[in-house]
Amino acid sequence: MVPLLSQEQCHTRVAIDDRFFDLLRKMILELSGISIPDNKRYLLENRLAHRLRASCCASFEEYYYLLRYGTGQEQERTRMIESITTNETYFFREPAHLQALQQAILPALVQARRAEGQTTIGIWSAACSTGEEPYTLAMLLRGVGAQLSGLEIQILASDLNESVIRSARRGIYGENSLRHLPASLRGDCFVPVGGGMRLRDEVKSAVRFANLNLLDRERLMLLQGMDVIFCKNVLIYFDLAVRKAVVSTLYDVLAPGGILMIGQSESLYDVSRSFLPVRVNGGVVYKKE
Ligand SMILES: C[S@@+](CC[C@H](N)C(=O)[O-])C[C@H]1O[C@@H](n2cnc3c(N)ncnc32)[C@H](O)[C@@H]1O
C-alpha cells in the first residue's frame, strides 16, 4: 500500500479533492470530534503535508487508504490527529477565571467538602495541551495550603494529543508561554536551562498527566466526582452535536456543586441547560446544582 516515491515527489505540495477532503474530515471528526468546515480545505493540506511526505504518499487518496487499511494505521492515525489539533496555550491565560477560582470557588468548595467529610478536591484540566494551564493552577494553589485545613487538592491534566502531553511532562517552556507569568513566579517556580525555563519539581509533581480523548465517555466516567473542570478553548473546534455530547459527559463527571469552566470566548448557549451559569469576579462559570 505504501508507494515508493522519489525524493522530489516526496516534497511536492499536494492538493486534496472534494471526495478525500470529505472522507478525511469524517475520519477526523470520528476520531477526535474536531470539525473541519468546508472553507478549511487548506488547513488539511497544510497540516497534513508533512504526514504525506513522511508516509511517502503522492496524494490524499493514497494517504486516506493508508490510514484506513495500511499496516501501522493506528500509529499514523494518531500522528494525523496530532497534526490537526491546535495547541495554543500559555501560563495565566484568562485571569478572570483564575481569580474566581482562587478567591471564590475554592474557598466555597473547601467549606462544602469539609462539611461533607471529604479529604480531597479534584481539579481536572481536560484539554491541557503542553501543560501551561494545569501548571498555572498548581502555582496558584501553592499558597492556599493553610485554607485547606487538611484537604488535599489533586490536579489531573489530560489531552488527546500524546506529543503535547510528553512536552508537558518535560516542563520546559519558552518566552511565548511565559509572556503573562507574574514576575515573582519566574524565580520561584522556574530554573533557567539552555533554550528555556524549566519548572521546578515541586510544581511539576503537583500535576498528573494522562492521554484522554473527550469523546471517550467510558474512560472519562472513571473520573467521576471531580470538583472543578477546566475545559477551555477546545469546544470551539467541535460541532454542536459533539459539544453537547462532551458537555453532557463533563456534567456527569462533576460532583454535585462542582464547577465547569470553559473558554471566555466559548458559551454553553444551545449546548446544555443543565448547568447554572454563575458570574464570579467578572467571569462566567457553570455550576452543577
Ligand atoms: C487550544 S488548546 C487549549 C489549551 C488550554 N486548555 C487553554 O485554554 O490554554 C486545545 C487542546 O485541545 C486538545 N483536544 C482537541 N480535541 C480533543 C479531544 N477530543 N479530547 C481531548 N483533547 C482534545 C488539543 O490537542 C489541544 O491541545
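Start with the ligand shell: 9 nonpolar, 11 polar and 5 charged residues. Here Ala, Val, Leu, Ile, Met, Phe, Trp, Tyr, Cys and Pro count as nonpolar, Asp, Glu, Lys and Arg as charged, and the others, Gly among them, as polar. The model is predicted: local features need pLDDT of at least 70, side-chain atom pairs count only at pLDDT 80 or more, and totals for chains, interfaces and linings use all residues. Numbering runs from 1 along each chain as its sequence is written.

Select the 25 residues around the ligand (C-beta, placed from the backbone, within 6 Å of it). Thr-85, Thr-89, Ala-127, Ser-129 and Leu-160 are the closest. Now colour by domain (bounds from an automatic or database domain assignment). Domain 1 (7-84) and domain 2 (95-287) each give at least three residues to the shell.

Next, show the strands (DSSP runs of E, at least two residues, numbered from the N terminus). Seek the open sheet of 7 strands, ordered E6-E2-E1-E7-E8-E10-E9, with mixed pairing (a pair needs at least two DSSP bridges). E6 (207-211) and E9 (276-280) are the edges; each has a single partner strand, so one side of each lacks a neighbour in the sheet. The strand-to-strand twist averages 25° (angles run from 0 to 180 degrees between N-to-C directions, with axes fitted to C-alpha atoms, for helices over the stretch in contact).

Zoom in on E1 (residues 120-125) and E2 (residues 152-159): they run parallel, joined by 6 bridges. Trp-124 has Leu-156 of E2 as its bridge partner.

Finally, add helix H9 (DSSP run of H or I, at least four residues). H9 (residues 162-170) packs on the sheet, touching E2 and E6, at about 160° to E6 (contact: C-beta atoms, placed from the backbone, within 7 Å).

Methods
Contact = placed C-beta atoms within 7 Å.
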